[in-house]
Amino acid sequence: MDRYARWNALLELLTETGRITVEDAAERLDVSQATIRRDFDQLAQQQMITRTRGGAVVNGVSYDLPLRYKSAKHVPEKQRIGAAAAALVQPAQVVGLTGGTTTTEVARALASRGDLATAGPDGAQLTVVTNALNIANELLVRSRMKIVVTGGVVRPQSYELVGPLATGILRELTLDVAFLGVDAVDPALGAASHHEGEAAMNSLLASRARRVVVIADASKLGQHAFARVCPIERVESLVTDTDATDEQVRGFEAAGVHVIRV
């Protein structure tokens, strides 16, 4: 287990339990107590946790881990979801991508599709609109598509641009399809995010799109989060993984959502 994967596991343990000792953490992760002490010290320096005598306690914001720590979770599922979502895109379309680990996999899958690099008969090329700086960077260094980045204030946890400065550009654009990375999606409650700024941006992105596709691994299905992104009626398709149960799928299909399990 590399350092970031270990840190991710420690932060998740703290989120679940509120506090943990060095001995318990070392036993759970099968590493030395000296390694755990170093990890705790480094996480405390980044203000992710609070160090205590013999262990650590959770900080109030730890439920919303920075993107770099979330990336180690459900990786194979997210890669499959990303590839399946990218397969829905046609050359020369205008595509919207929100921030998040799963949408980052969509971006990587788009960049690997050689057929999207060529312009259409009218000279139009694939255009990606995003408010996520890491996604824009992924695409800039790996593809020839046109990249449009919104304005706004950077939210360090997700690398997303949010706030009033980010909305002006989006209101002037029309998207063929928007891929929404969400913290929760439910047939009754719709798609939602933990952070109200992200939810507002994602909602605007969805409102500018002809088609809305939610991408979420099975752990997010049937869950709820603080701020709603859009009602389920706005969602055309849901791309998820095979851990989604038949009962969960039936709930979304009954709401009129096309479900793709990969």
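Leaving aside its neighbours within four places in sequence, which residues is T127 in contact with? Before the answer, one caution: this is a predicted model.

Now, T127. Five residues are on the list once the neighbours within four places in sequence are set aside: Q93, V94, V95, K146 and V148. T127 itself sits in strand β5, which runs over residues 127–130. Is T127 buried or exposed? Buried. Its relative accessible area is 11%, and the cut-off for buried is under 20%.

Next, R6. Look in helix α1, residues 3–17. This arginine is buried too, because its relative accessible area is 12% and buried means under 20%. What does R6 touch, again without neighbours within four places in sequence? M1, L29, V31, T35 and D39 are in contact with R6.

On to the cavities. How many of 30 Å³ or more does the structure hold? One. The volume of the largest cavity is about 30 Å³. Here is the lining: T98, N131, L170, M201, N202 and L205. Which element gives the largest share of that lining? Helix α9, residues 196–207, with three residues.

Sort the lining by class. Three residues are nonpolar and three are polar. No charged residue lines the largest cavity.

To recap, please keep three places on screen. One is T127 in strand β5, buried at 11%. Another is R6 in helix α1, buried at 12%. Then there is the largest cavity, with helix α9 supplying three lining residues.

Notes. Residues are numbered from 1 along each chain as its sequence is written. This is a predicted model: local features need pLDDT of at least 70, side-chain atom pairs count only at pLDDT 80 or more; totals for chains, interfaces and linings use all residues. Side-chain values use heavy atoms; hydrogens and water are left out. Helices (H or I, at least four residues) and strands (E, at least two) are DSSP runs, numbered from the N terminus. Buried means under 20% relative accessible area, exposed over 50%, partly exposed in between (1.4 Å probe, protein chains only). Contact means heavy atoms within 4.5 Å. On a 1 Å grid over the protein atoms alone, a cavity is a set of points where a 1.4 Å probe fits but cannot get out, and a pocket is an open set with protein on both sides within 12 Å along at least five of seven lines; lining residues have an atom within 4 Å of a point. Grid points are joined across faces, edges and corners, and a volume is the space filled by probe spheres set on the points. Ala, Val, Leu, Ile, Met, Phe, Trp, Tyr, Cys and Pro count as nonpolar, Asp, Glu, Lys and Arg as charged, and the others, Gly among them, as polar.
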